There are 2 protein chains.
Amino acid sequence: MVISLAHLGPTGTNAETAAIAYAHWLEQQQGQKSILCPCPSIAQTLFAVAKGETQRAVVPVENSTEGSVATTLDTLWQLDDLKIQQELVLPISHALLSRGSSLEGIKTVYSHPQALAQCQSWLERHLPSVSLIPTNSTTEALSEINLQPTSGAIAAPRASKLYDLPILANHINDYPDNCTRFWVLERTPTTRGQSRVSLAFSVPENVPGVLVKPLEVLARRHINLSRIESRPTKRSLGEYLFFLDLEGSTENDCIPDALKELAGYTEVLKIFGSYSVVSFTQADIDRL
Amino acid sequence: MVISLAHLGPTGTNAETAAIAYAHWLEQQQGQKSILCPCPSIAQTLFAVAKGETQRAVVPVENSTEGSVATTLDTLWQLDDLKIQQELVLPISHALLSRGSSLEGIKTVYSHPQALAQCQSWLERHLPSVSLIPTNSTTEALSEINLQPTSGAIAAPRASKLYDLPILANHINDYPDNCTRFWVLERTPTTRGQSRVSLAFSVPENVPGVLVKPLEVLARRHINLSRIESRPTKRSLGEYLFFLDLEGSTENDCIPDALKELAGYTEVLKIFGSYSVVSFTQADIDRL
């Protein structure tokens with residue numbers, strides 16, 4: 001059976017690169033074939049799996065420079081039945097693509113707000129007076145700017161070939177170790193080699209120490225928290241959900257124990273899954 | 001002396017509304033006059049005060065639906081000498097402004113990504129097939145769309161008069177209690193009635209319990225944490241800064257004690273100030 005993978009499109013986005021890297025990995029590791037299904041937004045990528053239109057979704061969760069992808073966390077909290085099957089970590093390199101012949105001629109730069117933010121200092125140094133136009137994905141504006149030599153777009157170097165647009169400047173991300181974590185989600189998870197557990201909870205009331213209790217449950221068992229992120233409940237200012245990533249596996253005794261105890265200190269507790277992490281290098285990506 | 005207040009422009013943004021509300025409050029409470037200085041971005045609003053171009057800045061910190069304003073937190077961590085002088089909480093109501101005569105004719109909707117996100121469900125229900133175009137502020141596209149009857153923009157109802165654009169739909173935010181917290185920052189803070197302390201820290205190393213220690217310091221003294229937010233250090237995936245808001249004042253003995261102990265469990269600790277909160281109602285805003 002061929003597995004269908006939803007991801008943010010159109011072709012050439014970093015989410016597509018992650019989906020392609022995952023598809024290769026799946027074929028090498030498990031002889032499993034898959035097809036890609038581009039979606040117009042991250043939320044719609046997740047809804048595609050929730051509604052059963054595709055079997056899995058590959059979505060960005062967190063970037064090393066710009067932090068959490070709020071849409072992914074908020075949508076995951078709303079949808080009850082999605083589980084993380086795998087984490088993918090990919091190096092993210094940005095290039096400025098343009099039909100123009102020099103940086104001096106560029107007046108407008110298009111890209112996804114995350115990409116514009118990840119290249120902020122480079123833009124201030126090299127193109128201090130251009131207009132920055134946010135788009136829904138890094139590749140959304142590429143077909144259009146092919147006709148405008150005074151426009152550029154920040155996208156993955158790979159998009160240069162796909163859209164037949166030259167690279168005017170490469171590796172323009174402000175931090176060389178720019179990486180993004182992606183989650184592969186599905187409705188019924190397969191349990192395999194596991195190194196991380198992700199969950200989210202709301203707390204019963206806003207009193208001193210309400211967050212210390214859940215964190216103590218973990219610290220007492222020497223469970224390392226690899227991330228904690230708060231998101232608003234949206235009901236009222238000052239009410240939060242907390243998203244946690246733990247190092248370990250639900251097959252390890254101390255984690256199920258901790259999760260059981262955690263339920264007593266939280267209002268709603270959702271376990272998103274226990275999964276392993278596959279990291280790709282730039283050389284892996286270049287070979288795709 | 002007249003105080004200069006930097007804020008995100010152009011005229012009609014919610015940041016400008018906050019700055020006007022603050023200017024009125026300053027005049028009523030302290031007989032203090034002020035002038036508004038619009039800036040092209042939130043980062044530039046903060047740099048304006050840091051460089052001494054204006055005396056204070058009014059910037060959004062957190063919205064009840066969409067959460068933290070990452071640019072504000074990241075820029076504040078970079079700039080060493082800005083202190084919070086006051087917090088303002090404002091209700092945020094969104095309207096769809098357009099020259100067009102009906103929703104059916106609208107093909108494109110422009111706004112700041114935070115505003116588009118705060119009206120997401122309304123847009124899906126009433127305008128499921130329009131193109132959503134993100135802009136640098138809620139009012140950036142208003143002059144342009146005045147000539148395009150098939151375009152609309154989401155902005156504060158107040159912008160309708162300022163840009164002579166009719167309101168096609170009012171109160172379109174998904175959550176009726178949509179509020180934004182703004183901070184008034186300056187280089188040398190004035191200490192007045194204080195109810196909150198804000199700080200940020202990085203932690204020495206990624207080991208189990210590294211975040212529990214600082215939180216225990218607060219819980220042991222019954223200091224309520226009204227918010228905790230993590231942001232990437234940007235150096236490497238999985239390294240974070242933590243931004244905390246505490247209830248209380250640095251004039252209260254237990255808080256200076258806690259801050260002293262906190263310094264022992266953190267790598268870099270920055271105290272952004274001890275300040276009071278002024279909440280405005282919709283009626284206050286309508287009277288401005």
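This is a short tour of a predicted model with two chains, A and B.

**Stop 1: both chains together**

Show chain A and chain B in two colours. Superpose one on the other. Chain A fits chain B with an RMSD of 0.0 Å, after a turn of 180° and a shift of 0.0 Å along the axis. The two copies are therefore related as by a two-fold rotation axis. Look down that axis if your viewer can draw it.

**Stop 2: the interface**

Select the residues of each chain that contact the other chain. You should get 44 residues from chain A and 44 residues from chain B. Of the interface residues of chain A, 100% are also interface residues in chain B, so the copies meet through the same surface. Now turn on the surface. About 3,500 Å² is buried between chain A and chain B. Carbon and sulfur atoms give 56% of that area.

Which polar links cross the interface of chain A and chain B? The rule finds three salt bridges there. It also finds 12 residue pairs in polar contact, both residues at pLDDT 80 or more.

Next, colour the chain A side by secondary structure. Several elements each supply at least two residues to the side that touches chain B. Select them in turn:

- strand S3 (56-63) of chain A
- strand S8 (131-134) of chain A
- strand S11 (179-186) of chain A
- helix H8 (212-220) of chain A
- strand S13 (225-232) of chain A
- strand S14 (240-247) of chain A

Which of these gives the most to the side of chain A that touches chain B? S13(A) does, with eight residues. Recolour this side of chain A by residue type. Its residues divide into 18 nonpolar, 14 polar and 12 charged.

**Stop 3: a salt bridge**

Select A:Lys234 and B:Glu66 and show their side chains. They meet in a salt bridge, at 3.2 Å from N to O.

**Stop 4: B:Ser68**

Stay in chain B and select B:Ser68. This serine is in strand S4 (residues 67-68) of chain B. Is B:Ser68 buried or exposed? Its relative accessible area is 16%, so B:Ser68 counts as buried, the cut-off being under 20%. Show the side chain of B:Glu229 as well. The side chains of B:Ser68 and B:Glu229 make a polar contact at 3.3 Å. Then show the other partners. Leaving aside neighbours within four places in sequence, B:Ser68 also contacts B:Val61, B:Glu62, B:Leu73, B:Gln114 and B:Arg227.

**Stop 5: two backbone features**

Most residues other than glycine have a negative phi, and most peptide bonds are trans. The next selections depart from these habits, in both chains.

Begin with A:Gly9 and A:Pro10. A cis peptide bond joins them, with omega about -5°. A:Pro10 sits in the loop between strand S1 (3-8) and helix H1 (14-30) of chain A. Now go to chain B. B:Gly9 and B:Pro10 are joined by a cis peptide bond too, with omega about 0°. B:Pro10 is in the loop between strand S1 (3-8) and helix H1 (14-30) of chain B.

Finish at A:Asp164. This residue is not a glycine, yet its phi is positive, about 50°. Find A:Asp164 in the loop between helix H7 (158-162) and strand S10 (167-169) of chain A. At 56% relative accessibility, A:Asp164 counts as exposed. Select B:Asp164 last. Its phi is also positive, near 50°. B:Asp164 lies in the loop between helix H7 (158-162) and strand S10 (167-169) of chain B, and is exposed, with a relative accessible area of 56%.

Methods
Residues numbered from 1 in each chain as written. Chains lettered and ligands numbered in written order. Predicted model: local features only at pLDDT ≥ 70, side-chain atom pairs only at ≥ 80, totals over all residues. Heavy atoms only, no water. Contact = heavy atoms within 4.5 Å. Buried area = accessible area lost by both parts, 1.4 Å probe. Salt bridge = Lys/Arg side-chain N within 4 Å of Asp/Glu carboxyl O. Polar contact = N/O pair within 3.5 Å; in protein donor to acceptor, adjacent residues only side chain to side chain. Helix = DSSP H or I, 4+ residues; strand = E, 2+ residues; numbered from the N terminus. Nonpolar A, V, L, I, M, F, W, Y, C, P; charged D, E, K, R; others polar. Least-squares fit on C-alpha atoms with pLDDT ≥ 70 in both. Buried < 20%, exposed > 50% of the residue type's maximum accessible area, 1.4 Å probe, protein only.
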